[in-house]
Number of protein chains: 2
Amino acid sequence: MAKRSASPPAAGKASREEAPPDHESPVECPATSQEAGSGMVGPCDEAYFEAYGQLDIHALMLRDHQRVSCYLAAIRLNKASIQNRLVLDVGAGSGILAMLAAKHGGAKHVYAVEAVPSMASLARRLVQRNGLETQVTVLEGRIEDVELPSQMDVIISEWMGFYLVHESMLESVLHARDRWLKPQGLLLPSSARILAAPVEAEELRAELEGYGDLHGLDLSFVGEERLASQMSEPQVETVEPRRLLGEPVLAFDLGDLHKLPAGSTREFKAKLTFTTWRPGRAAGIAFWFDVGFSGEGSSVTLKTDPGSPSTHWQQTVVYLGVFAAVDAGDILEAEVTMRQSESNPRQYDISIETQ
Amino acid sequence: MAKRSASPPAAGKASREEAPPDHESPVECPATSQEAGSGMVGPCDEAYFEAYGQLDIHALMLRDHQRVSCYLAAIRLNKASIQNRLVLDVGAGSGILAMLAAKHGGAKHVYAVEAVPSMASLARRLVQRNGLETQVTVLEGRIEDVELPSQMDVIISEWMGFYLVHESMLESVLHARDRWLKPQGLLLPSSARILAAPVEAEELRAELEGYGDLHGLDLSFVGEERLASQMSEPQVETVEPRRLLGEPVLAFDLGDLHKLPAGSTREFKAKLTFTTWRPGRAAGIAFWFDVGFSGEGSSVTLKTDPGSPSTHWQQTVVYLGVFAAVDAGDILEAEVTMRQSESNPRQYDISIETQ
């Protein structure tokens, strides 16, 4: 008998030592009603921002090599558009992107906007430690409430959550784009899409079957409850490529983020058609994302698919509650809806209907 | 940017797919004052029992092969003492030990006492599903409050927490022993001890050093905070044997549990002397435990050391906040105190002074 006790908000962890707990848990919205202000999301912001007050989450993101390196590559690729220009970092956290834009992009000035006081304070100390205080200003506040001295040439932001849209931070970036970005300004990243593929879960299946005869006892009820628990919310986990049952398909293409209208991320709906590669047992659909950083002549893509180097985003599996036998060349159809949760707009309700 | 939201109490997870979050978090005691009743622990019981209402924690314990197999082996080894006798299972959870004692031990009757209503209800359903209802009675309540029809021949209980004593459940078993076990009754497990060894943490050290120069930026402050966070509470993690810097030593021997006086688990204090095997950097002291099940002529030991097959208890590392260079044959001395936390008696404050 060994249990852990009530846990603080914890980041999804992708490194070898620190895999995540296997649930993504709902934010407990504070009961107090909160003025929506000019913001897009409103309720639950308090709990949301509080979670990002945990330094360990930022440490995890800082050592996500793929994440930081792609942003750095994008900054270098777009140096011509950043040098001696004004840059806005939306949701700056530790200030890493703002500092990289200043140091490697040669930005004239970066405004790093961060809503969490403890993080804004950390970012200020890091900016100072690195002697960048003439180039980087940390502004504490929500992007929707902050006043900037002028329009910006560049917006850089790392707004992506699990399965891309979890956290609903993209709306804040779109708001910033409409309010603060010059008409021909640069947006980093500049495109985004969600991909999907059917997956097996043979380890889970073996576990569940194991409860059917445990030293001569039938505990299959525990397996049924475990499966129900897995299905109750999207599971953030590292999906080994061998679990894929078919070619990944483009699920939702958000396209050019310059053109994506604010307010358009409330619901995504698509009918997906998968072709299976091999016989197996389809247990769920895995989702992940790519974001693109356009540049002068070439581009950078931050990929989070099962075959790419791991990131702290891992992949997200929506379990179907069955282990459906499929053959090579089968066609699987699924209607997928991702809809901002009414009770907590920082989260999405995902529903899948299969045929 | 990807974070998880407020998490429910989660079990430490040892399987390949489900490593634990890297913090052991303090129980949030409910603010309501609670009658101590006849119990040993009292405050925080509400949060403690609530955490065990999560089925996933029990599913994790059920698929901890080492855990279940050792108890089953102990039941078989002691069949002569169990068959046609009265058995008490303290903190029965899913009822697995009670059912094994009935099915494989041939117990006359097993009283399975479980404080968590949802688990007592699950245990009842599993007992029924397995046709054991004439042999096993599930009693809902704290062991300190429950009335049994007579004295018991055997007490079986899985009370061990991280680093053995976390959760303070042993006191409930000692209370049950004094109140309900016949003078010559059998106690399973019958002995317990805590072991310790100095360990390296080279991956952590590399991570912390990495913040010193991240793409030309000095973020060492993040590393300092990360180390402080690691030190702030015991870390439950899987310690690879290669991280051991010296021979494990016996830290605290609780000895024969028949003889351990109730109330004696409030504080453990010892001066430990380690001899290092090889050069390295001592980052902390790892703790784990053995429990012994005495039997007719032979015995069973459930071991949770780094070299033994993994269990959901893993090991617990107390970080020292430094990476101290040591040479082969060095003597390391440490004064270790584990003391029940005043604010939450389900937890222990661990302090280590090194020389």
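In the predicted model, strand β9 of chain B pairs in the antiparallel sense with strand β13, residues 331-340 of chain B, over nine bridges. Within this pairing, Thr275(B) lies opposite Ile331(B) of β13(B). Both strands belong to an open sheet of three strands in chain B, arranged in the order β9-β13-β14 with antiparallel pairing. Strands β9 (267-275) and β14 (348-354) of chain B occupy the edges and have a single partner strand each, so one side of each is left without a neighbour in the sheet. On average, neighbouring strands of this sheet are turned by 20° against each other, direction ignored. In general, strands of a sheet pair through backbone hydrogen bonds, in either a parallel or an antiparallel arrangement.

In chain A, the UniProt record (unreviewed entry) places the feature "domain: Protein arginine N-methyltransferase" at residues 191-353. Across residues 191-353 of chain A, the chain is 13% helix and 47% strand, and the C-alpha atoms at the two ends are 28 Å apart.

Strand β10 of chain A, residues 280-294, pairs with β11(A) in the antiparallel sense over five bridges. One of the residues involved is Gly292(A), whose bridge partner in β11(A) is Thr301(A). The two strands, β10(A) and β11(A), form a hairpin with four residues between them. In the turn of this hairpin, Gly297(A) has a positive phi of about 85°. The side chains of β11 (residues 299-303) in chain A alternate along the strand. Val300(A) and Leu302(A) point to one face and are buried, whereas Ser299(A), Thr301(A) and Lys303(A) point to the other face and are not buried.

Notes:
Residues are numbered from 1 along each chain as its sequence is written. Chains are lettered from A and ligands numbered from 1 in the order in which they are written. This is a predicted model: local features need pLDDT of at least 70, side-chain atom pairs count only at pLDDT 80 or more; totals for chains, interfaces and linings use all residues. Side-chain values use heavy atoms; hydrogens and water are left out. Buried means under 20% relative accessible area, exposed over 50%, partly exposed in between (1.4 Å probe, protein chains only). Two strands pair if DSSP finds at least two bridges between them. UniProt positions are given in the numbering used here, feature names are shortened, and annotations may be inferred rather than shown by experiment. Axes are lines fitted to C-alpha atoms, for helices over the stretch in contact, and angles run from 0 to 180 degrees between N-to-C directions.
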